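Please take me through this model in the viewer, one selection after another, and tell me what is to be found at each stop.

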Amino acid sequence: MSAPRSVPDRTDAFAIHQPRLPRWAPAGVAAAAAAAAVAVGLGAGLASRVQWGLIAALLFVAGLYAVSARAEGTRKAKDRLATSLVWGAFLLAVIPLASLVWETVRQGVKVLDGYFLTHSMNGVIAIAPGGGIYHALLGTIEQVALATAIATPIGLLTGVYLVEYGGGRLAKAVTFFVDVMTGIPSIVAGLFILSVWIMGLGFGYSGLAGAFALAILMMPIVVRSTEEMLKLVPNELREASYALGVPKWKTILKVVLPTSLGGITTGVMLAVARITGETAPLLLLVFGNPAINSDPFEGAQASLPLYIYEQWANGNNASFDRAWAAALVLIVFVMLLNLIARLIARFKAPKTGR
């Protein structure tokens, strides 16, 4: 009996030894690109630091690709190029946002205090310091609350119809007009309410008129978010309910809606955040008021976006400070709404564990 032949060790033959750049290579290329950008900027007489940054970014992407292609190969260089482009797009999106928030905070804290939050502009001269945003903050809260009370049930029921009942020409028409409403300018909604509610029916300027326009802008977002969330509910849940003899309306009420409640609530809160900063319809319908008007159904009323516009239009330093402070309050208000939406989505989401 012959001895078994030994199998040659092919570990080294099949091993993959791919050269890689050292960890400090991207940082080194970035430093070289920054130095070259400064040299180009000074040589060309470019005064804007933004131009220097763009030149540095382009040199970094090109330099890293060239170095990687020479040391690691074309395939790895293309991977690094795609990664660099993704990070560049991320920075292009974040830097303006961070700059905006920083500038608003820096300018807004000058007059933002308890007095500013608890007083109105009644009796305050436009060019003089003092005054506050209490009347505008109260108006914004009331107008947004009314718009939410109007738009949420209509949008919710429309979304339920499109997913659970619709399927013919009417559903297609509703979907088409919802898509159209999603893209209409806010001034169009304001002009519509102005022509129908104020000029046609004879009602005066009020927070309710502004809430109608905001509700028009809010409804398509609620419809779309409700529709998408209801589509995510598994059909097995509906079929199990039908198998137990539960009618369709009760299945929707007891099974479908509770399952998608987190996503629907998030969509509603995001729609609220979307309408909170609208100015154009309020300029036409609310009209503005320097005094406190806690009745949104009667008389002109203030709002935060309109207050910012009016203060900036005054064109003096005191008004500019008030406008920046009001903008900061508005940003914080919208951020709180988004935070509430995320918390609701987190705690109301269906549990996936056993």
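A patch, in the sense used here, is made of residues with over 30% relative accessible area and no salt bridge, with nonpolar side chains joined within 5 Å. The model is predicted, and the tour begins on its surface.

Select W87, F90, L91, V94 and I95, which form a nonpolar patch on the surface and together have about 510 Å² of accessible area. Then keep V94 alone, which is placed in helix α4, residues 74-108. V94 has a relative accessible area of 33%, and because buried means under 20% and exposed over 50%, it counts as partly exposed.

Next, select residues 207-231, the 25 residues of helix α9, which reaches 35 Å from its first C-alpha to its last, close to the 36 Å expected at 1.5 Å a residue. Centre the view on M218, where α9 bends by about 30°, with a proline, P220, following within four residues. Colouring α9 by burial should show a mostly covered helix, as 19 of its 25 residues are buried.

Keep M218 selected and add I193, I275 and L285: of the 39 residues in the largest nonpolar core, these four touch the most other members. Among the elements that give two or more residues to this core are α6 (134-165), α8 (186-200), α9 and α15 (317-348). The largest share, 12 residues, comes from α9.

For the last stop, select helix α14, residues 304-314, in which L304, P305, L306, Y307, I308 and Q311 are buried. Then move on to G315, which follows α14 and has a positive phi, near 75°.

Key. Residues numbered from 1 in each chain as written. Predicted model: local features only at pLDDT ≥ 70, side-chain atom pairs only at ≥ 80, totals over all residues. Heavy atoms only, no water. Patch = residues over 30% accessible without salt bridge, like charges linked within 9 Å, V, L, I, M, F, W, Y side chains within 5 Å. Areas by Shrake-Rupley, 256 points an atom, 1.4 Å probe, with all protein chains shown as cover. Salt bridge = Lys/Arg side-chain N within 4 Å of Asp/Glu carboxyl O. Buried < 20%, exposed > 50% of the residue type's maximum accessible area, 1.4 Å probe, protein only. Expected span 1.5 Å × (residues − 1). Bend = angle between axes of the 7 residues up to and from the residue. Core = buried A, V, L, I, M, F, W, Y, C linked by side-chain atoms within 4.5 Å.
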